[in-house]
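Reader: Could you take me closely through one part of this chain and then set that part in its wider surroundings? I would like a connected account, with each term given its cut-offs.

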Amino acid sequence: MAKIVAIRVIDRIKEAGHTQDVLSKHSSIIKTRLGFHELNEDRCSREGYILLYLRDNAKGRSDFLKDLDKIYGIEIKEMNLLAGPVKPASIPDGSAVTVVGLVVNNRSDIASEVQRALTLYGCTIRTRMGINEEDHGHDTGLILLELKGDNSEMNSLLKRLEQIENVIVGVISFS
């Protein structure tokens, strides 16, 4: 099972220290961390996002989420990417930030098909992170995508990915 937690830090200047304290306290359950925010020549956004890929530790996750929930200026969303049928993923209108998680089972057999889909819709992918690992003797990949752009184009990407056998798709959207 892949457990993804997405955190929206509403005001990085005020809440980054508190958030970092909780992340450090629970670092043993965090497999991978990715953070991003808007940055240009004129300004650095006060809003930031953190994606966490967590270890399979129910008690540790529960304690971690309870500690995060005590921080006032953040929003927390979760994604479970289980081996099994999931409802079709879609991106709601008005989403400011959308994160898509993909579990690619039997990675070596279907990697090129997944790559073709990602390349075809590459203009909607702003950030991409891939993790390869062996899960219970299976060659598995986890891909996290930050999507931007036209909603219909992003939803077309999701539908295309869901058509690939052994790919599980999940979505987290922030308004």
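Author: Helices and strands are DSSP runs, numbered from the N terminus, with helices (H or I) needing at least four residues and strands (E) at least two. With that usage, phenylalanine 36 is found in strand 2, and strand 2 is the part to look at here. This is a predicted model, in which local features need pLDDT of at least 70 and side-chain atom pairs count only at pLDDT 80 or more, while totals for chains, interfaces and linings use all residues. Residues are numbered from 1 along each chain as its sequence is written, and side-chain values use heavy atoms, with hydrogens and water left out.

Some caution about confidence comes before the detail. The predictor's confidence in each residue, pLDDT, runs from 0 to 100; the protein chain has a mean of 85, and 88% of its residues reach 70 or more. Among the elements of the protein chain, strand 2 (residues 30–39) has the lowest mean pLDDT, 80, whereas helix 2 (residues 58–69) has the highest, 93. Where pLDDT is low, predicted coordinates should not be read in detail.

Phenylalanine 36 counts as buried, at 14% relative accessibility, where buried means under 20% relative accessible area, exposed over 50% and partly exposed in between, with a 1.4 Å probe and protein chains only. Not counting residues up to four places away in sequence, phenylalanine 36 touches Gly48, Tyr49, Leu51, Val97 and Glu146, a contact being heavy atoms within 4.5 Å. One of these partners, glutamate 146, lies 110 residues from phenylalanine 36 along the chain, yet their C-alpha atoms are separated by 9.7 Å.

Threonine 32 is also found in strand 2 and is buried, with a relative accessible area of 19%. Leaving aside neighbours within four places in sequence, threonine 32 is in contact with Leu51, Leu52, Tyr53, Met129 and Ile131. Contacts across the sequence characterise the protein chain as well: of those between residues at least 6 apart, 75% join residues at least 24 apart.

These partners lead to the cores, a nonpolar core being a set of buried Ala, Val, Leu, Ile, Met, Phe, Trp, Tyr and Cys residues joined through side-chain atoms within 4.5 Å. The largest nonpolar core has 21 residues, with Leu102, Val114, Leu118 and Leu161 making the most contacts inside it. Strand 5 (97–104), helix 3 (107–120), strand 7 (138–147), helix 4 and strand 8 (167–174) each give two or more residues to this core. A second, separate core of 20 residues includes Leu51, Tyr53, Leu81 and Val97.

Beyond strand 2, helix 2 has Gly60, Arg61, Phe64, Leu65, Asp67 and Leu68 as its buried residues. They cover an arc of only 160 degrees around the axis, taken from the directions from the helix axis to the C-beta atoms, so they sit on the same side of helix 2. On the other side of helix 2, Ala58, Lys59, Lys66 and Asp69 are exposed.

In helix 4, the buried residues include Asn151, Met154, Leu157 and Leu161. Seen down the axis, the buried residues of helix 4 fall within an arc of 150 degrees, so they line one face of the helix.

For the wider setting, the protein chain has 4 helices and 8 strands, in the order β-α-β-β-α-β-β-α-β-β-α-β along the sequence, and 45% of its 175 residues count as buried.
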